[in-house]
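Me: I would like to go through this model with you and ask, term by term, on what grounds each label is given. Please set the values against the definitions as we go.

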Amino acid sequence: MKIAILGGTGSLGKGLASRWIKAGHDVLIGSRDLEKAQESAKGLNLSNSSGMLNQEAAKSCELACLTVPFAHQENTLKSIGNALDNKIMIDATVPLMPPKVMRVQLPQEGSAALKAQSILGEKTIVVSAFQNISAELLQTDADIECDVLVAGDFIDARSTVISLAEDAGLTAWHAGPLCNSAAAEALTSILIAINKKHSLAHSGIKITGH
Ligand SMILES: NC(=O)c1ccc[n+]([C@@H]2O[C@H](COP(=O)([O-])OP(=O)(O)OC[C@H]3O[C@@H](n4cnc5c(N)ncnc54)[C@H](OP(=O)(O)O)[C@@H]3O)[C@@H](O)[C@H]2O)c1
């Protein structure tokens, strides 16, 4: 698949890009700055990646993934116009509002994913995922125990994102409609609090049952 990572020069973007590239996908690293995007793509050291402006990456891709801080989610999405019409966009945004990142602070839309959907409009299918996965671990070949909760209003789109998570070496679950993304987004603040209070690195969640 041809995947654009908008804000792909950052920690999470690099982690997802490296794993998807190794799985054989073509990855377009998106940035506000062409040179930065090209440097990042070169740093990944594999032929199936290239760097471009976010708008160009969004236009050229089959599916996009947004990996920018919450404070820049709106501007980034507005900057790409309608380039994601009729495409899936994975939103990994966690609405952290520094300095109180251990406190759940969801936006007035209900979640970052719902906010993304309202900015992009109905022609784009927003699916949320990866909010609880450590970018640092993704950038290594380590086995990642933390599961991925995938929320979205269309089952086929969720299944596509679950496959992509599996391609990145992760276990992913159908977590229901897009409004349920609030739970995954909120969990991140809890995991940050657990890391701090229990001196852990990369705490995560695991779905159990049989
Ligand atoms: N880090 C993690 O472990 C992790 C895990 C799960 C989810 N998340 C979520 O994933 C998202 C990305 O996290 P991250 O740690 O990868 O973030 P990051 O490294 O701080 O930033 C990602 C990219 O966002 C772009 N950006 C920065 N400032 C911007 C601005 N003013 N306007 C527009 N774009 C700007 C930059 O790209 P350019 O300068 O190239 O444009 C930057 O490389 C966040 O919402 C975060 O909550 C992170």
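Reply: R19 has its place in helix 1, residues 11-22, where a helix is a DSSP run of H or I of at least four residues, numbered from the N terminus. The model is a predicted one, in which local features need pLDDT of at least 70 and side-chain atom pairs count only at pLDDT 80 or more, whereas totals for chains, interfaces and linings use all residues. Residues are numbered from 1 along each chain as its sequence is written, and side-chain values use heavy atoms, with hydrogens and water left out.

Me: Why is R19 called buried?

Reply: R19 has a relative accessible area of 11%, and buried means under 20% (exposed is over 50%, partly exposed in between, with a 1.4 Å probe and protein chains only), so R19 counts as buried.

Me: What makes the approach of R32 to the ligand a polar contact?

Reply: A polar side-chain atom of R32 lies 2.7 Å from an oxygen atom of the ligand, and the term requires a pair of N or O atoms within 3.5 Å, so the pair qualifies. A backbone N or O atom of V68 also lies 2.7 Å from a ligand oxygen, and a polar backbone atom of A135 is 3.0 Å from one. The protein covers 76% of the 890 Å² of accessible area that the ligand has on its own, by the Shrake-Rupley method with a 1.4 Å probe.

Me: Which classes make up the shell around the ligand?

Reply: The shell residues divide into nine nonpolar, eleven polar and two charged, where Asp, Glu, Lys and Arg count as charged and Gly is among the polar ones.

Technical notes
A polar contact is a pair of N or O atoms within 3.5 Å; within protein, one must be able to donate a hydrogen and the other to accept it, and residues adjacent in sequence count only if both atoms are side-chain atoms. Helices (H or I, at least four residues) and strands (E, at least two) are DSSP runs, numbered from the N terminus.
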